Amino acid sequence: MEKKKVLSKKKEIKPRDVTICDATAQMLEKAKRDGVETVFDRAAGMRACPIGADSACCKHCSMGPCRMNARDPYAKVGVCGATIDTIMSRNFARMVASGSAAHTDHGMSMLNLFREVVKGNITDYEIKDPNKLKEVASSIGIEVEGREIHDIAMDLYEELERTYTQVEGEIPFAKRVPEKTLETWRKLGIVPRGAMREIMELMHRTHMGVDQDYENITTQINRTALADGWGGSMVATEISDILFGTPSPVSVEVNMGVLKEDHVNIIVHGHEPNLFESMLVSVNEPSLVDAAKKAGAAGINLVGMCCSGAEMMSRHGIPHAGNFMSTEAVLVTGAVDAMTVDVQCIKQGLAKVADCYGTHLITTNPRCHIEGAQHMELDEHNPSACTDGIVIKAISRFRNRTAEIEIPNIKNIGIHGFSHEYINYMLGGSFRASYTPLNDNIINGRIRGVAGVVGCTNPRVKQDWVHVELVKELIKKDVLVLQTGCSQIALAKAGLTTPEAAILAGPGLHEVCETVGMPPVLGLGSCVDNSRILIAASAMVREGGLGHSIAELPAAGAAPEWMSEKAISIGQYFVASGVYTVFGVTFPIVKETKFHKLLFEGLEEQGLGKWGFSADPYEMASMMIAHIDKKRQELGIDKARERILMDMADRQALKA
Ligand code: SF4
Ligand code: MSK
């Protein structure tokens, strides 16, 4: 311990009750001994406000704040006369606006970087995947044949800028949406314009005294969420692939055991890949490696956390130390010499914990400073000025380490780095890359359906447990699982991202995984990379045999331990795209209200998807599987599955 203890007198947690992550539990025990407080202690010491949890309050003007009665939601209205449906839909809308803003601002940063690279004003980054550049450009109608990469790239930049700024018409990636889905959106008036336009309008409409019809507000909620999923998020993913490379499967070490006591350990945590990419260059810079060795280190160990970590593990196989709930716990090891962060999901609590262990906590993005952290801004025109400086600070902390070090001896190896492009190749091979084998296996019933299980971890539930139990249930019932974000890390730590995990899958999925050599759980990257799941869903529709819109696919989504407004925006863009999406933990709406009915039933009647809620992973799995089975029945492919299962049973009977 380098600094004074910070644990306040609050309800004591039992580490094994709050997490199934052994490394995190071990560090929570150490934190207790060291007198250090983490997110788990703070959650135990703060009861969630029940009115806020139901979103049954409004503070949009100073005539309030106004509190409704969740048990009798129509008993009263706000001072201005706003009903519970107006209040909840406005609150929900603002969560979508904020989540969408986070993703689109991230996407816009990537697009700005791309423009400056293409113009030659930034030289530390380059176009690493020209094939992806061409694919993305031609997917939105830009001519690529016989043209220079630079010219295609400039056209792509100009076209994609509309994703943010377009005031009328449809954003460029609307061209990727299956026709029937797009027709539904057009009918409902929810095809997005630029994200700036949509977010601005949503914020205006939810101002006191503007839109006071929950159905009309929901229209703009959908439009704004779609501007995220098919706009800002998709641009972030596609441009990152073009600049830094499209992921393909790679074996990665995950968990806190990736830290090395005899190395200078640097963790990068956040969401934008440019910081991490430049850190990768700096930690390999010979003069810095020499400096680390002179300080007595065996080398420099660069490790990721949270979503930029998930992105870097996918692209480069960089080891990953853990998900959102473990970012403070990892500092308790005492082995982290620097943690550098950019934007999103960075707890302010990190500053105190870092201070306790003498770890440098360094913010790098102008959008995110933290009181008590050091700020070293990343300028993409000269990124090494920042990233070399971070390495130098980390080396000096290594040289002067005084904190007691305890690194959990736990490492899991998994295969990560799947993408739409790789799924296409993996199943069809290089000569006939296509989604045909996936669709065929769904139609013949070996694969029952596809589920996206994504999102955060949250101290209101046992860390990782809901993710892991849900995914185990799904694969056991032959549902192929696609993953992103912190959920993917939970499953990696549980050992389910290996091809060997196919043994836990049902007979049909097991057979497919074995034939292809793939895990039953495919990690697709960070939370912004949920757009890869939208592209995969569109490819499945285009391939044929599974209906004409995303809403017809035997597919479902879940964020079992969600916590952020970004998760709500993601959930809403999946729902608006046609996917049944089940959230855990809590749902910020009072049941038995008109707005609840609209989200949980009404949107599906309009041809979109719908929301579901359960805090229980087994119930969640049953709800998703029931939906998948309903879609199979509607497609007329339910009988095929019965035949497949009969075949397997017969085979097993024969073996016995
Ligand atoms: Fe209360 Fe209406 Fe003001 Fe909201 S907008 S705080 S419901 S008076
Ligand atoms: S980091 S949004 S906790 S997935 Fe993307 Fe993880 Fe959720 Fe943040």
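Here are a few questions and answers about a predicted model, its two ligands and a pair of its strands.

Q: Which residues come nearest to ligand 1?
A: Ligand 1 has 13 residues around it. By type, that shell splits into nine nonpolar, three polar and one charged. The ones that come nearest are Cys58, Cys61, Cys66, Cys80 and Met208.

Q: Which ligand takes up the space of the largest cavity?
A: Let's go through both ligands. The space that ligand 1 takes is the second largest cavity. The space of the largest cavity is taken by ligand 2.

Q: How many residues in the shell around ligand 2 are charged?
A: The residues surrounding ligand 2 include His271, Phe324, Ser564 and Lys566, along with cysteines such as Cys306 and Cys307. Sorting the shell by type gives eight nonpolar and three polar residues, and the charged ones number just one.

Q: Why does ligand 2 lie between domain 2 and domain 3?
A: Look at where its shell comes from. Domain 2 covers 256–399 and domain 3 covers 415–643. Ligand 2 lies between them because its shell gets residues from both domain 2 and domain 3.

Q: Which residue of strand β14 points the way Tyr580 does?
A: In a regular strand, side chains alternate between the two faces of the sheet. In β14 (residues 580–583), Thr581 and Phe583 point one way, and they are buried. Pointing the other way, and buried too, Tyr580 is joined by Val582.

Q: Which residue stands opposite Tyr580?
A: Strand β13 (residues 555–559) runs parallel to β14, and four bridges join the two. Across from Tyr580 in β14 stands Ala556.

Definitions and conventions: Residues numbered from 1 in each chain as written. Chains lettered and ligands numbered in written order. Predicted model: local features only at pLDDT ≥ 70, side-chain atom pairs only at ≥ 80, totals over all residues. Heavy atoms only, no water. Near = heavy atom within 4 Å. 1 Å grid on protein atoms, 1.4 Å probe; cavity = no way out; pocket = protein on both sides within 12 Å on 5 of 7 lines; lining within 4 Å. Sits in = over half its atoms within 2 Å of the grid points. Nonpolar A, V, L, I, M, F, W, Y, C, P; charged D, E, K, R; others polar. Domains from an automatic or database assignment. Buried < 20%, exposed > 50% of the residue type's maximum accessible area, 1.4 Å probe, protein only. Pairing = 2+ DSSP bridges.
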